[in-house]
Amino acid sequence: MIARELAAWALGLAEVPGPVSAAATRHLLDGFGTALGALRTGAAAPAIEVARGLGGPPEAAVLGTGELLSAPAAGLANGTLVHALDFDDTHAGGLVHATAVVLPAAFAVGQQTGASGREVLLAAVAGYETACRVAAAAPHGFHARGLHATMAAGVFSSALVAARLLGLDEVRAANALGIAGSQAGGLLAFLGTGASTKQLHPGFATQSGIIAARLAAAGATGPETVFDGPHGVFDALSGKPADPASIVAGLGERWETTRIGIKPYAACQLSHATIDAVLDVMARERLVPDEIASIHAVVHPDSAPTVCDTSRDLTRPATPYAAKFSLPWTVAALITDGGLALDTFEPDSIARPEVTRLAARVRWDVTGPPGVAAADAPGRVTITLGDGREVTGSVPRSAGGGDRPLGRAALLAKFEGAAGVPAAEAEGFARIVESLGGQPDAAAVMRAAAGLAQFNRQENQ
């Protein structure tokens with residue numbers, strides 16, 4: 001059974017290649033930055049409030065606060081923090097926000113068990129491989145059924161991370177995966193309203209995964225057929241054909257951890273190729289919103305239902321979160337402001353009439369190269385100016401992943417901006433995370449993150 005094979009591999013993982021370790025620490029650093037940004041802006045306040053109410057034994061910290069709660073409660077808060085700004089990383093093949101379910105589980109259970117930094121890092125890599133492979137086994141399949149892949153696949157990742165750090169054996173770890181399957185879900189209904197449920201999904205997945213591992217440790221059982229049997233997760237939750245065998249194909253040889261992209265922009269990743277194509281035009285042509293007659297984008301078939309959904313008003317998003325899932329509004333804001341920043345999507349920003357007017361002039365064709373995932377697809381736009389001239393922009397794929405990764409300097413700049421800390425503070429924290437395989441343990445990293453948050457509060461008083 002695939003669950004048993006995946007569990008055996010994850011529990012036996014003793015070494016990973018250098019590029020894989022480096023990729024994992026890059027993504028963990030990025031996740032800490034997005035979480036600190038959400039803490040700074042209050043974006044995850046309801047989840048933190050509820051997690052505090054759940055309380056429990058002082059096992060793990062709420063990220064950036066140093067406040068100790070039970071590991072499942074901390075997982076709820078921290079999973080929401082990492083994803084609350086929708087600025088966290090994305091695996092193109094599965095369209096899953098991997099760090100939002102890996103980091104909270106690895107550090108919560110790592111703190112609970114007193115795990116070494118090396119063990120936390122190995123557990124995180126096992127989690128990255130699990131989240132990405134489960135989601136990519138049915139590309140856009142969960143989304144086609146109206147479910148958020150980050151929660152649907154992420155609960156398995158959190159369960160296996162927790163199982164490894166809790167010291168479960170192969171049988172109980174497989175049971176944890178089976179139990180986790182009954183907690184997979186995450187409705188995409190937020191797309192029409194901008195509701196905060198999407199932000200909560202990684203928190204739910206982390207909390208549920210940790211509880212699944214605890215249940216398995218206590219003797220509860222789950223179906224080993226959760227991936228490849230009748231009535232399993234793909235039968236129940238995927239709207240497209242799945243290839244469950246791909247979850248374990250090439251384990252230890254092909255590393256999905258190195259294929260995760262880091263977001264340069266705090267908008268839905270499915271708009272990023274179009275954003276980059278517009279930036280390609282802006283690098284050569286000064287664009288004045290009132291002098292633009294129309295903007296025409298080529299949009300991948302798997303992207304259109306999410307960022308070009310005409311059942312909602314794409315020019316006047318109901319909430320900042322809804323704006324992040326409107327390609328027309330995002331493109332219009334990019335041209336109007338000359339760039340995209342976190343404050344682009346603030347409540348006072350989304351109703352600007354100059355952005356709304358330009359967004360109404362955005363059109364698109366739905367097409368894409370066969371066999372290429374939406375998040376890997378090229379971007380292309382044609383902008384028609386008032387004088388009749390047409391200017392075209394294109395990119396082979398969006399920045400941040402694949403053959404266009406963010407360099408360390410760009411990653412640190414993103415961290416500084418999100419967390420709201422100076423370059424020296426960001427560099428110091430980056431070095432701590434990058435040495436996770438050596439000296440610092442989970443508690444030390446979380447203390448350093450709390451120090452950054454405290455620094456930010458003092459600087460802004």
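Two strands count as paired here if DSSP finds at least two bridges between them. Helices (H or I, at least four residues) and strands (E, at least two) are DSSP runs, numbered from the N terminus. With those terms in hand, here are some notes on the model.

1. **What you are looking at.** This is a predicted model, in which local features need pLDDT of at least 70 and side-chain atom pairs count only at pLDDT 80 or more, while totals for chains, interfaces and linings use all residues. Residues are numbered from 1 along each chain as its sequence is written, and side-chain values use heavy atoms, with hydrogens and water left out.

2. **The sheet.** A good place to start is the open sheet, where four strands follow the order β6-β5-β7-β8 with mixed pairing. The edges belong to β6 (362-366) and β8 (390-395); each has a single partner strand, so one side of each is left without a neighbour in the sheet. From one strand to the next, the twist averages 20°. Strand β5 (residues 292-299) runs parallel to β6, and five bridges join the two. If you want one pair to find on screen, valine 299 has valine 366 in β6 as its bridge partner.

3. **Helices on the sheet.** Contact here means heavy atoms within 4.5 Å. Axes are lines fitted to C-alpha atoms, for helices over the stretch in contact, and angles run from 0 to 180 degrees between N-to-C directions. Helix α12 (residues 272-282) packs on the sheet and touches β5, β7 (379-385) and β8, its direction making about 130° with that of β8. Helix α15 (residues 327-337) lies across β5, β6 and β7, and runs at about 130° to β5.

4. **A loop residue to look at.** Glutamate 285 sits in the loop between α12 and β5. Its side chain is joined to that of arginine 389 by a polar contact of 2.8 Å. Such a contact is a pair of N or O atoms within 3.5 Å; within protein, one must be able to donate a hydrogen and the other to accept it, and residues adjacent in sequence count only if both atoms are side-chain atoms. Leaving aside neighbours within four places in sequence, glutamate 285 is in contact with Leu385, Arg389 and Val391.

5. **Salt bridges across the chain.** How many salt bridges are there? The count comes to 21, taking a salt bridge as a side-chain nitrogen of Lys or Arg within 4 Å of a carboxyl oxygen of Asp or Glu. One of them joins arginine 118 and glutamate 15 (3.0 Å, N to O). Arginine 118 lies in helix α6 (residues 117-136) and glutamate 15 in the loop between α1 (2-12) and α2 (18-41), so the pair ties together parts that are 103 residues apart in sequence. For accessibility, buried means under 20% relative accessible area, exposed over 50%, and partly exposed in between (1.4 Å probe, protein chains only). Arginine 118 is partly exposed at 36%, and glutamate 15 is exposed at 60%.

6. **A buried charged pair.** Lysine 414 and aspartate 30 form a salt bridge whose closest N and O atoms are 2.9 Å apart. The lysine belongs to helix α17 (residues 408-419) and the aspartate to helix α2, so this pair ties together parts that are 384 residues apart in sequence. Lysine 414 is buried at 10% relative accessibility, and aspartate 30 is buried at 4%.

7. **Aromatic pairs.** Rings of Phe, Tyr and Trp (its six-membered ring) pair if their centres lie within 6.5 Å; planes under 30 degrees apart count as stacked, over 60 as edge-to-face and the rest as tilted. By this rule there are nine aromatic pairs. Tryptophan 9 and tryptophan 255 make a tilted one, 6.0 Å centre to centre with 50° between the planes. Tryptophan 9 is in helix α1 and tryptophan 255 in the loop between α11 (233-237) and β4 (260-261), 246 residues apart. Both tryptophan 9 and tryptophan 255 are buried.

8. **A phenylalanine cluster.** Which residues join Phe32 in one aromatic cluster? They are Phe107, Phe415 and Phe429. Phenylalanine 32 is buried, with a relative accessible area of 0%, and phenylalanine 107 is buried at 2%.
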